[in-house]
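Please open the model in your viewer and keep the selection tool at hand. The stops below say what to select next and what is to be found there.

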Amino acid sequence: AWQYQRSSQVAKPAKSVRGNPATDVTRLFQEKLKGSALEKLATKLAFTTRAEPPAGNFPKLPGFVIPYWTVDGKQEKNFWRYRYLVDTRTPVDKITGQKPLRYVQPPGSPLRLYMPPLVDWKHLPEDAPLFITEGELKAACACSMGLPTVGGGGVFSIANGLDMLLPEFEQIGIAGRTIYIV
């Protein structure tokens with residue numbers, strides 16, 4: 001039977017390289033995660049800092065890559081999301097009140113469900129509840145505390161239309177499972 005258990009798996013944070021422009025990106029990244037449950041899990045989650053997104057015609061600003069994972073715990077090869085660590089707005093955007101761009105993903109890519117590699121999704125007991133939240137960081141944080149939580153990349157990203165959930169839900173097995181939207 002499933003029981004709530006706090007995860008004891010802790011990874012070391014990534015090291016910054018002195019004298020490299022990436023040092024500032026690493027510092028921003030560490031500040032973003034400081035004090036959160038994710039501060040010591042960045043390596044396990046395979047977050048990688050970058051001076052700019054890995055692909056696409058996006059603002060060339062610092063951030064970090066959030067890799068996505070399969071139900072089998074393997075890293076997706078062709079899908080990731082990039083979280084900016086700085087304000088992406090131009091001066092005109094700021095004057096007009098436009099919101100900053102916070103996340104980007106490969107152009108033309110379909111919606112995906114974020115399943116943190118802190119849970120064995122393929123063998124999740126049938127009586128284990130499933131928690132659903134908005135955002136990869138919140139999902140990873142909840143998983144680090146023993147709550148099996150998946151994340152959508154935004155409020156409307158857990159379904160491909162009005163009546164079709166993402167295929168990852170079927171792979172996890174949601175029939176008969178207690179589900180909490182948090």
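The tour goes from the nonpolar cores to the sheet and then to two buried polar residues.

This is a predicted model, in which local features need pLDDT of at least 70 and side-chain atom pairs count only at pLDDT 80 or more, while totals for chains, interfaces and linings use all residues. Residues are numbered from 1 along each chain as its sequence is written, and side-chain values use heavy atoms, with hydrogens and water left out.

Begin by selecting L45, F47, Y114, W121, V150 and I172, the residues with the most contacts inside the largest nonpolar core, which has 34 residues. Such a core is a set of buried Ala, Val, Leu, Ile, Met, Phe, Trp, Tyr and Cys residues joined through side-chain atoms within 4.5 Å, where buried means under 20% relative accessible area, exposed over 50% and partly exposed in between, with a 1.4 Å probe and protein chains only. Next colour α1 (22-33), β2 (63-69), β5 (113-114), β6 (130-134), α3 (136-144) and α4 (167-172), each of which supplies at least two residues of this core; helices (H or I, at least four residues) and strands (E, at least two) are DSSP runs, numbered from the N terminus.

Centre on L45, whose contacts (heavy atoms within 4.5 Å) beyond four places in sequence are L38, P67, W69, Y114, P116, P117, L118 and A140. A second, separate core of six residues can then be selected through F58, W80, Y82 and V104, which are among its members.

Now show the open sheet, in which four strands follow the order β5-β7-β6-β8 with mixed pairing; two strands pair if DSSP finds at least two bridges between them. Because β5 and β8 (179-181) stand at the edges with a single partner strand each, one side of each is left without a neighbour in the sheet. Between β6 and β8, which run parallel, look for three bridges, and select F131 to find its bridge partner Y180 in β8.

Move on to R81 in strand β3 (residues 75-84), which counts as buried because its relative accessibility is 8%. A polar atom of the R81 side chain lies 2.9 Å from the backbone oxygen of G153, and the residues that R81 touches include F64, Y103 and E136.

Finish at T88, in the loop between β3 and α2 (91-95), which is buried at 11% relative accessibility. Here a polar atom of the side chain lies 2.7 Å from the backbone nitrogen of L101, and T88 also touches L61 and P100.

How values were computed. Polar contact = N/O pair within 3.5 Å; in protein donor to acceptor, adjacent residues only side chain to side chain.
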